[in-house]
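Here are a few short exercises to work through with the structure open beside you. Try each task before you read its solution.

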Amino acid sequence: MTSKPIVRFLDRTTPPHISTLILLAGISALNISIFLPSLPLMAADFGTDYATIQFAISGYLAATAVLQILIGPLSDKFGRRRVVLAALALYVIATFGASFATSIGAFLAFRILQASVATGIVLSRAIVRDMVPQDQAASMIGYVTMGMALVPMLGPMIGGVLDETFGWRATLTFLLIAGSGVFILCYLDLGETISEGGTSFREQVAGYPILLTSPRFWGYSLAAAFGSGAFFAYLGGGPFVANSLYGLSPSATGIALGAPASGYAFGNFLTGRYTAKIGVNRMALMGSIITLCGLGASLLLGLAGVEGPWIFFGFCTVFGIGNGMLLPGVVSGSMSVRPQLAGTASGLSGAMMIGGGAALSQLAGVTLEGQSTALPLQILMFLCGLFSMFSVIYVIIRSRQIASA
């Protein structure tokens, strides 16, 4: 599509309303963040260690990475609507099973199945790209993820309060209700956005070499992977830092862990407001620089022995602002290299983001075990921010070479 289409809310003969896309992506983010304040207590409940229960995050992310490779091509072939509804149905079933799990093995098995909801993150972006051109897509994705950012900001708070009041299993009941509600909303509002019946698998495979050999695709995807990698490392190590190093309660941990999301929402607002005027690449570069400044300041203070919850989580808010400016643009860019394979590109790029995030999340949990400071996590996050900035610079150089050719 070359211009923004007509959208009527709760009319599935038209493309979905932006609020539906926000909630579709939001339920995916909520499923990651709502457990964070409870991880140490969940480990005690199941009689296991923190590294094992942390697999509820890293293992979930690894399954998400694998699924994203499949979700994109499937949606390109069979349509966004069918794949979204099937994935949400599986998520509801898996959440119901997890709520009754009595062993760590059963819980983690159902937790892996919950990864099907990651379809919402992948296809909400692809649906936007179906609807509007690249610069408008980056702007619209910015607004979608700005609303989505409120979920990981509120998710740990909700999880912490539910844990303290009813126990951590109450979070599963909450997720079951939320997932069922989003399924009903998508059934009523999510119209198909692929024109002419989608793309066959043979056509997709024929286009893979062009997509996978594109330097710009890899540049955008690596920028997204490293940028989000800092956040996933934070997800893996943040609960340990808050609970074990700083002694925060589950509810206070939930508030602290929401710090980057509050900055991310503001960064997304700036993206939605200004990307169409200044361009995707410039906005991404500005975001990567802000990210690096926030993480660099946190690391320098850590090396100087200046630490505490206000310092660590405060600078994570600055890092969130930068990521909110960086990620919508580079995600949109990766899908715009070959617009006819937007779903496939979204899945491949997302697999890099989530797969790398799974490894970094687990690495953060392992390296912090037995530590008395947050310094290992600060170093890991700073390196991710540095490599993300280098990737954006590479994309800018490559784009200029193409323009001058």
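**Exercise 1. Work out whether Gly59 is buried or exposed, and say where it sits.**

Solution. Keep in mind that you're looking at a predicted model.
- Step 1: find the residue. Gly59 is part of helix 4.
- Step 2: check the accessibility. Gly59 has a relative accessibility of 3%, and the cut-off for buried is under 20%. Gly59 therefore counts as buried.
- Step 3: look across the chain. Ala109 is 50 residues away from Gly59 in sequence, yet their C-alpha atoms are 9.6 Å apart in space.

**Exercise 2. Test whether the end-to-end span of helix 4 fits its number of residues.**

Solution.
- Step 1: helix 4 covers residues 55–78, which makes 24 residues.
- Step 2: at 1.5 Å a residue, you'd expect a span of 34 Å.
- Step 3: the end C-alpha atoms are 32 Å apart, so the two values agree.
- Step 4: now look along the helix. Helix 4 has a bend of about 30 degrees at Leu67.
- Step 5: move on past the end. There you meet Gly79, with a positive phi near 105 degrees.

**Exercise 3. Do the span test for helix 13, then find its kink and its buried residues.**

Solution.
- Step 1: helix 13 runs over residues 259–278, and its 20 residues should span 28 Å at 1.5 Å each. The distance between its end C-alpha atoms is 27 Å, so this agrees.
- Step 2: the kink is centred on Gly272 and comes to about 40 degrees.
- Step 3: Gly272 is also one of the buried residues of helix 13. Others on that list include Tyr264, Asn268, Leu270 and Thr275.
- Step 4: just beyond helix 13 comes Gly279, whose phi is positive at about 100 degrees.

**Exercise 4. Decide how far helix 7 is enclosed by the rest of the structure.**

Solution.
- Step 1: helix 7 spans residues 119–131; its 13 residues should cover 18 Å, and its end C-alpha atoms are 18 Å apart, so the span agrees.
- Step 2: 12 of those 13 residues are buried, so helix 7 is largely enclosed by the rest of the structure.
- Step 3: see who's inside. The buried residues of helix 7 include Arg125, Arg129 and Asp130, along with Val122, Leu123 and Ile127.

**Exercise 5. Find what Ser28 and Ala94 touch, leaving out residues up to four places away in sequence.**

Solution.
- Step 1: Ser28 is in helix 1, residues 18–33. With a relative accessibility of 1%, Ser28 counts as buried.
- Step 2: the contacts of Ser28 are Tyr60, Val117, Ala118, Gly120 and Ile121. Of these, Gly120 is among the buried residues of helix 7.
- Step 3: Ala94 belongs to helix 5, residues 80–99, and counts as buried at 1% relative accessibility.
- Step 4: Ala94 is in contact with Phe110, Leu113 and Gln114. Measuring from C-alpha to C-alpha, Gln114 is 5.5 Å from Ala94, though 20 residues separate them in sequence.

**Exercise 6. Head for the surface: classify Thr13 and Ile379.**

Solution.
- Step 1: Thr13 sits in the segment before helix 1. Its relative accessible area is 67%, so Thr13 is exposed.
- Step 2: Leu190 is 177 residues from Thr13 in sequence, with 8.2 Å between their C-alpha atoms.
- Step 3: Ile379 is in helix 17, residues 375–404. At 37% relative accessibility, Ile379 counts as partly exposed.
- Step 4: Ile379 helps make a nonpolar surface patch of about 500 Å², together with Leu383, Phe387, Phe390, Ile393 and Ile397.

**Exercise 7. Zoom out and describe the chain in numbers.**

Solution.
- Step 1: count the elements. The protein chain has 17 helices and 0 strands.
- Step 2: of its 405 residues, 58% are buried.
- Step 3: take the contacts between residues at least 6 apart in sequence; 87% of them join residues at least 24 apart.
- Step 4: the accessible surface is about 15,300 Å², and carbon and sulfur atoms account for 70% of that.

Note on methods:
Residues numbered from 1 in each chain as written. Predicted model: local features only at pLDDT ≥ 70, side-chain atom pairs only at ≥ 80, totals over all residues. Heavy atoms only, no water. Helix = DSSP H or I, 4+ residues; strand = E, 2+ residues; numbered from the N terminus. Expected span 1.5 Å × (residues − 1). Bend = angle between axes of the 7 residues up to and from the residue. Buried < 20%, exposed > 50% of the residue type's maximum accessible area, 1.4 Å probe, protein only. Contact = heavy atoms within 4.5 Å. Areas by Shrake-Rupley, 256 points an atom, 1.4 Å probe, with all protein chains shown as cover. Patch = residues over 30% accessible without salt bridge, like charges linked within 9 Å, V, L, I, M, F, W, Y side chains within 5 Å. Salt bridge = Lys/Arg side-chain N within 4 Å of Asp/Glu carboxyl O.
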